[in-house]
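Please open the model in your viewer and keep the selection panel at hand. The tour below proceeds by selections, from a pair of helices to the spaces enclosed by or open at the protein.

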Amino acid sequence: MAKIKIADDFHENESGVTGQYKTWFLDYASYVILERAVPAVEDGLKPVQRRILHAMKEMDDGRFNKVANIIGQSMQYHPHGDASIGEALVNMGQKDLLVETQGNWGDVRTGDDAAAARYIEARLSKFALEVAFNAKTTEWQLSYDGRKNEPVTLPMKFPLLLAQGAEGIAVGLATKILPHNFCELCEAAIKYLKGRKFEIYPDFQTGGMIDSTNYNDGKRGGKIRVRTHIEESDKKTLLIKDVPYGVTTTQLIDSIIKANDQGKIKIRKVTDNTAAEVEIQVDLAPGISPDITIDALYAFTDCEVSISPNACVITDKKPQFLGVRELLTLSVDHTKELLKKELEIRLAELQEKWHYTSLEKIFFEEKIYKELEKKHETWEKVLLAIAKAFEPFRKLLKRDINREDIVKLTEKPVRRIYRLDIDELNAQIKGLEADMRQVKHDLNNLVDFAVAYYDNLLKKYGKGRERKTEIKLFEAIQAQQVAIANVKLYVNRAEGFIGTGLKKDDFVADCSDLDDVIAFTKGGKMKVVKVADKAFIGKDILHVAVFRKNDERTTYNMIYSDGKTGISYAKRFNVTGITRDKEYDLTKAEDKGKVYYFTANPNGEAEIVKIILSPNSSARIKEFDFYFETLEIKNRTSLGNQVTKYPIRTVKFKEAGKSTLSGRKIWFDSTFGRLNTEEKGEYLGSFESEDRIIVIYGDGSYEIKDTELTQRFDAEKIVDIRKFNPEKVITAVYLDNEKLQFNVKRFKIETTTLNNRFLFIKEGEGNRLEIVTNHPEPVVLVKSGRGAQAKTQKIKIAGFVEVMGWKAVGSKLFDFSKSVEMEWAHKEEEKEKPPQTELF
């Protein structure tokens, strides 16, 4: 029995311990969520931040205080040690919104820490004093030890949570709210109050660029991409001008060095020149394209990072996931209620002051104070006599007179009685009545009052807080296309292996470890595999190359025999998309097919071959030429055209052929400043390999470019981009700022050097290109004057301006005037029209 009782006690204790663990963990999780990691929706602050601000308000006398002293004061309210308080205070100080700093507070861009707390100082900013504090509207609670009162939440009259952002990890959940622009938040609040739609997007102190396409209102599941600005100083040097949010210059440089060590990019060195502004200099290795390197930096380093927001806040003592627009509307509604409370308190104070001032006026004007000079038996009777003297005037007041009012009047010093100016009291009453009317008007028009409040914040504190992070769309960068060839590919044709580790076998090409490799065998099999140390394809490999997906120009020419029938076929095909590591049979003869001839042609070339039949065949003609240009390019699964039914001895190359493909059709996407073949943007034309593009810039320069799709263009500076034709005459009108006149010139492009900019207008400060065309008979419309005085003049340029050299200054067109506007009277000479897609 004793044993049973012991066992029962054990099970009872075990159940109790289990229950306690369940309760304790839930209590701990709730505490961390509510009291440590997640901000409150009312004021946008975590408890430690709120306690720091409250402590700073208690210490505030307009002067700076040592951060060590602020930490000490805050520890009266925050029971978690000085380290967490100091870290939170530095974090708020670096955001430069609520806390004004003095000393070395570190740098979020470089990751430098702040100096020790005893060396740096802080005070509340004027903005914080205006929007975050009002003892009359603050709800109070006891501090952790019961000695002092602290605010439950501060009466925050601004969407601080969205302005500062917040990040925290609790038990079972986390929050990440990105910072937004001060001015845009004020403008969005005004739009919301006026019932208009609004959008808000993140803005970072570190600058950079963001693509907010998938921001998803800052909710869970959203994502933004953040990039640095990278400038091309020259063909050998790149300059990184900022860092992405959450990345320091040290981390960025480390990621660049790591990418270089892995062979994804090729650089000579990287130098941190950061001082007042971020500048990281990247020196490129010889022969490396700066455009491709910029793409590679975005693809393989921290020059581009993705950030996933997760807006979680405390609402009604519970964590809740909200979007940033909902957070703004909640903040604005809360601010409106606080403004209403402040107005109601202000009105009550004004009414009370009006009441007492009116009493004071009557007290002295009607000489009621003389009741103090009469002999009454007791003080109470004096007060009753004064109250009785006020009876005729009670109807002039807004509330009844109480004992405290009379006592307060009797406490006025006698000297005040003799010096009192009744006119001054009347003026005070009129002023109070005007103030009350204004407050009542504001209460009745609370939305307009709130709009004026945000507008005032914008005017007072918005200067210098303009958007720092540029919002733009990012193009998709294919890592395989920009990766530097960092490994060597080899092939063992007889055994059927390819890989980077077969260094004793035949060299194929330099490639990237991100590339795919396509291979063809003599048995008519094709396979695409990832670059690896060693991979088996199949014996008797005929051709190996780096595979480019969706490549519609590389054309494979093949002659093979069907093992079952002995008939030989020829076909031409592309390989655009495949399943990696899957073996494809190109002969449809299972294991009996045989390839006699195979070539890969990067631009669709069609050669001539000599086919020699077996001497034992019964064919009358045993040698004949075959022209691949007679075949259409079809799918890789097509059977092909019959070449001969007789057995083939061998096929020999006879003569190279020309490409059977039309030129490559190219478009220019001004959104991203990129050339493309996906029909995005403006169609430039059909280009052969020798064709070029001409780019004309707003500064009056032009540049000849090739059609390489990886190059980048600054679309904002481009006036015109088109297929280059050296025979066409260009007509340009530009401003000569020195002589304050517009000049016109007509010229042909005489230079052929690629990637060099040539200035074709007069060199000088303020000179700029106005309009440009290559129309053969250019006519310019000149509009001058405004309103009823507006005039339009038509000028035929070809009539008085001859074709001259590209360096010529040109002829005067007319004098400069700010009211002049110019445009071509004709349509621009037609660029090539995009190809029409046949639907049926």
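**Stop 1: a helix pair.** Select residues 324-365, which form helix α10, together with residues 422-444, which form helix α14. In this predicted model, the two helices pack at an angle of about 160°, and their axes lie 9 Å apart. Angles over 145 degrees count as roughly antiparallel, and α10 and α14 are therefore roughly antiparallel to each other. Viewed as a crossing, the passage of α10 over α14 is left-handed. Colouring the contact of α10 with α14 by residue class gives 12 nonpolar, 5 polar and 11 charged residues.

**Stop 2: the largest cavity.** Keep α10 displayed and add α6, residues 160-164; these are the elements that give two or more residues to the lining of the largest cavity. Which element gives the most to this lining? It is α6, with 3 residues. The complete selection for the lining consists of Val41, Glu42, Asp43, Gly44, Met156, Phe158, Pro159, Leu160, Leu161, Leu162, Leu327 and Ser331. The space in the largest cavity is about 70 Å³. Its lining divides into 8 nonpolar, 2 polar and 2 charged residues.

**Stop 3: the second largest cavity.** How many cavities of 30 Å³ or more are counted? The count is 2, and the second largest holds about 30 Å³ of space. To display its lining, select Leu489, Ile498, Gly499, Val517, Val529, Lys530, Val531, Ala532 and Ala535. Strands β19 (497-499) and β22 (525-530) are the elements that give two or more residues to this lining. By class, the lining of the second largest cavity comprises 7 nonpolar, 1 polar and 1 charged residues.

**Stop 4: the largest pocket.** Next, select Gln481, Arg664, Thr677, Glu678 and Leu709 and centre the view on them; of the 49 residues that line the largest pocket, these lie nearest its centre. The volume of the largest pocket is about 2,000 Å³. Then add the following elements, each of which supplies at least two residues of the lining:

- helix α9, residues 290-300
- helix α16, residues 479-482
- strand β34, residues 664-669
- strand β35, residues 674-676

Finally, colour the pocket lining by class: 15 residues are nonpolar, 14 are polar and 20 are charged.

Note on methods:
Residues are numbered from 1 along each chain as its sequence is written. This is a predicted model: local features need pLDDT of at least 70, side-chain atom pairs count only at pLDDT 80 or more; totals for chains, interfaces and linings use all residues. Side-chain values use heavy atoms; hydrogens and water are left out. Axes are lines fitted to C-alpha atoms, for helices over the stretch in contact, and angles run from 0 to 180 degrees between N-to-C directions. Helices (H or I, at least four residues) and strands (E, at least two) are DSSP runs, numbered from the N terminus. Angles under 35 degrees count as roughly parallel, over 145 as roughly antiparallel, 65 to 115 as roughly perpendicular and the rest as oblique. A crossing is left-handed if the near helix is turned anticlockwise from the far one by less than a right angle, and right-handed if clockwise. Ala, Val, Leu, Ile, Met, Phe, Trp, Tyr, Cys and Pro count as nonpolar, Asp, Glu, Lys and Arg as charged, and the others, Gly among them, as polar. On a 1 Å grid over the protein atoms alone, a cavity is a set of points where a 1.4 Å probe fits but cannot get out, and a pocket is an open set with protein on both sides within 12 Å along at least five of seven lines; lining residues have an atom within 4 Å of a point. Grid points are joined across faces, edges and corners, and a volume is the space filled by probe spheres set on the points.
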